[in-house]
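Morning, everyone. Please bring up the structure on your screens, and we will walk through it together.

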Amino acid sequence: MSALGAAAAATSTFPALRAFAQGSPSTTPSSPSAKKLSPLREPVSVPDYELLAHERMSHPAWEYINSGSADEVTLRWNREALTRIRLKPRVMVDVSQVDTRIKLFDQEMPHPILLAPTSTHMLVNPEGEVATARGASAADAVMVISTVSNRAVEDITRASTRPTWFQLYVQDDRALTKDLVLRAQAAGCRALCITVDLPIVYARDREAHLGKEAPQFPYPNLNERHSGTNWRGPGHSQPQV
Ligand SMILES: Cc1cc2nc3c(=O)[nH]c(=O)nc-3n(C[C@H](O)[C@H](O)[C@H](O)COP(=O)(O)O)c2cc1C
């Protein structure tokens, strides 16, 4: 079953969340425009999956996941920068044995594919990051668990059959921060990624426009519930670094 299929199956057992997670395509005015993937076509590329996600997600979920900060200038620059990367073709080389293995932090990986830390997976699946962990494990990818997950780090690592790493937002409360690092370590996370570019919650215009539409979610790693523009940075009211 595809990840989207799994998400759809899981939401069918949680009617309250299903309504939110699936939303209505007519309430999703932002990009990618009015394009639709033909029902006969299998998704084969990232833009294909983007179209499918847009069709299936609620408006608030789409706005959170698909938006950048403020006027989204940096988001556009990043996309453009990625298109400027050129691959250098090398021909007449032996490709009969291609080896994608890599060793990072003493861990052997079959390929260098990791899931970047992202928060609030209950926006798209009632099981939250536990479902993501199963998907990452099935793809032999390392999941980097976000501090602001909707599931406790212990639940996520229990659902993983592959090594996991933990992403840390250093909190105002340093005792809580230390406790969280120890919890992640005890849960089996093998590396710590410290995010240093979020000293304050920055402008998220598209989320701000959601107003009361923004749902509440649990953040058990921080023992908090948040909604709206707080999704990204519970505990970040003061500069951290
Ligand atoms: C919806 C969303 C949620 C994110 N949540 C987190 C987070 O909780 N912690 C974090 O360190 N980075 C977070 N990020 C940043 C990503 O990990 C990543 O660094 C960023 O998206 C750039 O990578 P990309 O160009 O592949 O999207 C988030 C990004 C997105 C789009």
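Let's start with one unit. Strand E3, helix H6 and strand E4 make a right-handed β-α-β unit. Keep in mind that this is a predicted model.

Stay with E3 and E4 for a moment. They run parallel, and two bridges join them. Look at Leu115: its bridge partner in E4 is Met143.

Now the helix of that unit. H6 covers residues 129–138. Which of its residues are buried? Glu129, Val130, Ala131, Thr132, Ala133 and Ala136. Just after H6 comes Asp140, with a positive phi of about 55°. Most residues other than glycine have a negative phi.

The loop between E3 and H6 holds another case, Thr120. Its phi is near 60°, again positive in a residue other than glycine. Is Thr120 buried or exposed? It counts as buried, because 23 C-beta neighbours lie inside 10 Å, and the cut-off for buried is 20 or more.

Compare Met92. Its phi is also near 60°. Met92 sits in the loop between helix H5, residues 73–83, and strand E1, residues 102–104. Met92 is exposed, because it has 4 other C-beta atoms within 10 Å, and exposed means 12 or fewer.

Next, the strand I want you to remember: E5. E4 spans residues 142–145, and it pairs with E5 in the parallel sense over three bridges. Two pairs to click on. Met143 has Thr164 as its bridge partner in E5. Val144 has Trp165 as its partner there. So Met143 turns up twice: with Leu115 of E3 and with Thr164 of E5.

How do we get from E4 to E5? Over helix H7, residues 153–159: E4, H7 and E5 make a right-handed β-α-β unit.

On to the next step. E5 runs parallel to strand E6, residues 192–194, and three bridges join the two. Phe166 stands opposite Leu192 in E6. Helix H8, residues 174–187, completes another right-handed β-α-β unit with E5 and E6.

Put those strands together. They form an open sheet of four strands, with the order E3-E4-E5-E6 and parallel pairing. Which strands are at the edges? E3, residues 114–115, and E6: each pairs on one side only.

Back to E5, residues 164–168. Why do I call this strand largely enclosed by the rest of the structure? Because five of its five residues are buried. Now see which way they point. Thr164, Phe166 and Leu168 point one way from E5. Trp165 and Gln167 point the other way.

Gln167 brings us to the ligand, since it is one of the residues around it. Here is the full list: Tyr64, Ile65, Asn78, Ala116, Pro117, Thr118, Ser119, Ser146, Val148, Gln167 and Thr195. What is the make-up of this shell? Five nonpolar, six polar and no charged residues.

One more loop, the one between E6 and helix H9, residues 205–208. Pro199 is found there. Pro199 is partly exposed, because it has 13 other C-beta atoms within 10 Å; that falls between the cut-offs of 12 and 20. Now find Gln171. Pro199 and Gln171 are 28 residues apart in sequence. In space they are 9.6 Å apart, C-alpha to C-alpha.

Time to zoom out. The protein chain has nine helices and eight strands. Of its 241 residues, 29% count as buried. What about contacts across the sequence? Take those in the protein chain with a separation of 6 or more: residues 24 or more positions apart account for 63% of them.

Last, confidence. The mean pLDDT of the protein chain is 81. It reaches 70 or more in 76% of the residues. Where does pLDDT stay under 50? Over residues 1–30, for one. The model has 44 contacts beyond four places in sequence for that stretch. The other stretch is residues 228–241, with 39 such contacts. Where pLDDT is low, the predicted coordinates should not be read in detail.

To close, go back to the sheet. Its order is E3-E4-E5-E6. E5, the strand to remember, has five of five residues buried. Thanks, over to you.

Notes:
Residues numbered from 1 in each chain as written. Predicted model: local features only at pLDDT ≥ 70, side-chain atom pairs only at ≥ 80, totals over all residues. Pairing = 2+ DSSP bridges. Right-handed = clockwise from strand over helix to strand, strands pointing away. Near = placed C-beta within 6 Å. Nonpolar A, V, L, I, M, F, W, Y, C, P; charged D, E, K, R; others polar. pLDDT = per-residue confidence, 0-100. Contact = placed C-beta atoms within 7 Å.
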